[in-house]
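User: I would like to go through this model and ask, for each label, what it rests on. Please set the values against the cut-offs as we go.

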Amino acid sequence: MLQNFTKTKKEVGFVFSTRDYIINLNGLPSAKMYDIVLTKNGGRALVSALNKENVEVLMLDVERPKPGDYLELSEKSLSLPFNINLFGRVVNPLGSSLDGKAGLPAGGEELDLDTVAPGIDGRDAIHDQFYTGLSMIDTLIPVGIGQRELVLCEPRSGKDMFFLDVIVNQKKTGFICVYCAIGQSEVDVKRFSEELHRTGADAYTVVVAATSNESAPMILIAPSVAMSLAEFYRNQGRNVLVILDDLATHAKYSREISLLAGRVPGRESYPADIFYQHSSLLERGGKFNDHHHKGTITLLPVVETPIENFTNLIPTNVMSITDGHILFSAQLRAQGIYPAIEADRSVTRVGRQTQMFIHKVLSDKVRSLLAEYHELERYGRFGSELSIETQLKIKRGRIAEELLKQEPLTPIPPDVQIVFLSLVFAGYFDDRDFEGVRANKGAIVDILTKDAAFTALRGEIKTVKFDELVEKLKGMFGPLEATCPRSTKSKQN
């Protein structure tokens, strides 16, 4: 009898106070941070604080124990069945299905919500470019494979379509995509997953969603679960893209938990460890060596906030952790511009070293042209008479700015981007109407992609110098003439 009793013995803690999903327990002497405790009905709670006289846990399930109830220390941590095919699925951080499909089997890989990021000895230098299919990003604000690039955006600035574009462009690259929806509405998550299915991107994408209907603890652990999933694929030697949408919402729910628990608030009432929470999470991205099977995790964390809050605690904290930021503007999006990115206020600290040499030279040329165009345009507003040379610079800058705009879901390969933007410096657009260029730029891209002569030229992109490319393009305008005719004024001259 004594032997049977010993086998069934459990370590328990008794509830002595509750604050909604925050439960304080007496007992559990061997509990550790992020251990799982279970109610008598199987409800799961996460150990969140170890005090001198009690243990604080956060209820993950909907059950709410009352004072006098007991919770048992579980021998297992949270787990998800990563080894089954999760592509095309929408699941919450506990593995429950949110897409109306069959539920996931129990068990699987155990999650470590406090994984220590690999050190420098487990990493490789970032030297390969991550292509988004968007000329604005790939040319002016390049991102490297394994880079952590912050997406800093205003509400209604087109970030959802941008993420869909980026994921769709990975269709033939072998990347696995993990999209983590943090505190979003169920409608938004459903709409995004339907778009993934419509474009066929769900074949290599997993959506981890803690919607606004979930409790704060569920939203708190969502990005850690998404990163654990990414690390599972990374350890198979795969390239993984992780989108954390968004960390500003994550910080708000973390603040709610901290204040409800009665902890001393820090700046802007956020918990004192908010920087640690985000830095330890984002450090898990990178390009790794043989210790991690040469896998990579490219991170696009998001901070969505009004433009007047860009200098607040959370945006500046995350900005300091990441390797650059892409700034989206609601004002540009309202003007019909896509992608609505302010290139002159965006930064990439690692991506430039990953570009092909000719792409890097082109990027410098385009940036210089746009800066000169904006300066001359402001100067011209004073009514001064402009020289022919100045008028040409303004026209080229205006056209370059137009060529950087794209319609959603119309990715352009990097070699086509280079030839397309180089046409500006070859003088192809100098005697063509701006409206004609705007209307026919899609047809021009189509010719650059399919025409045999341009296909052969694109095959030399990695070895040809920029000046040589421009000279070659000057003699190749023939196939493009019918697509974008010259202006009437040019024909008369």
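Analyst: Glu 154 is placed in the loop between strand 12 (150-153) and helix 3 (159-168), where helices (H or I, at least four residues) and strands (E, at least two) are DSSP runs numbered from the N terminus. This is a predicted model, in which local features need pLDDT of at least 70 and side-chain atom pairs count only at pLDDT 80 or more, while totals for chains, interfaces and linings use all residues. Residues are numbered from 1 along each chain as its sequence is written, and side-chain values use heavy atoms, with hydrogens and water left out.

User: How do you know that Glu 154 has no salt bridge?

Analyst: A salt bridge is a side-chain nitrogen of Lys or Arg within 4 Å of a carboxyl oxygen of Asp or Glu. The nearest side chain of opposite charge to Glu 154 is that of Arg 345, 7.2 Å away, so the criterion is not met. Glu 154 is nevertheless buried, a word that stands for under 20% relative accessible area, with exposed meaning over 50% and partly exposed the range in between (1.4 Å probe, protein chains only).

User: What does the side chain of Glu 154 reach, and which residues does Glu 154 touch?

Analyst: The side chain of Glu 154 reaches the backbone nitrogen of Ala 330 at 3.0 Å. Not counting residues up to four places away in sequence, the residues touched by Glu 154 include Thr 305, Phe 310, Phe 328 and Ala 330, contact being heavy atoms within 4.5 Å.

User: Why is Glu 407 called exposed?

Analyst: Glu 407, in the loop between helix 11 (388-403) and helix 12, has a relative accessible area of 58%, and because the label requires over 50%, Glu 407 counts as exposed.

User: What makes the length of helix 12 agree with its number of residues?

Analyst: The expected span is 1.5 Å times one less than the number of residues, so the twelve residues of helix 12 (residues 414-425) should span 16 Å, and the end C-alpha atoms, at 17 Å apart, agree with that. Helix 12 is also mostly covered, with ten of its twelve residues buried, among them Val 416, Phe 420 and Phe 425. After helix 12 comes Gly 427, with a positive phi near 85°.

User: Why is strand 15 described as largely enclosed, and which strands pair with strand 15?

Analyst: Six of the seven residues of strand 15 (residues 239-245) are buried, and therefore the strand is largely enclosed by the rest of the structure. Pairing asks that DSSP find at least two bridges between two strands. Strand 13 (residues 176-182) runs parallel to strand 15 and is joined to it by six bridges, with Tyr 179 having Ile 243 as its bridge partner. Strand 17 (residues 296-304) also pairs with strand 15 in the parallel sense over six bridges, and there Leu 244 stands opposite Pro 301.

User: How do you know that Arg 352 and Asp 364 form a salt bridge, and what does the pair tie together?

Analyst: Their side chains meet at 2.7 Å, N to O, which means that the pair satisfies the limit of within 4 Å. Because Arg 352 lies in the loop between strand 19 (347-348) and helix 10 (357-380) and Asp 364 lies in helix 10, the pair ties together parts that are twelve residues apart in sequence. Arg 352, at 26% relative accessible area, is partly exposed, and Asp 364, at 41%, is partly exposed as well.

Note on methods: Lys, Arg positive; Asp, Glu negative; His and termini not counted. Polar contact = N/O pair within 3.5 Å; in protein donor to acceptor, adjacent residues only side chain to side chain.
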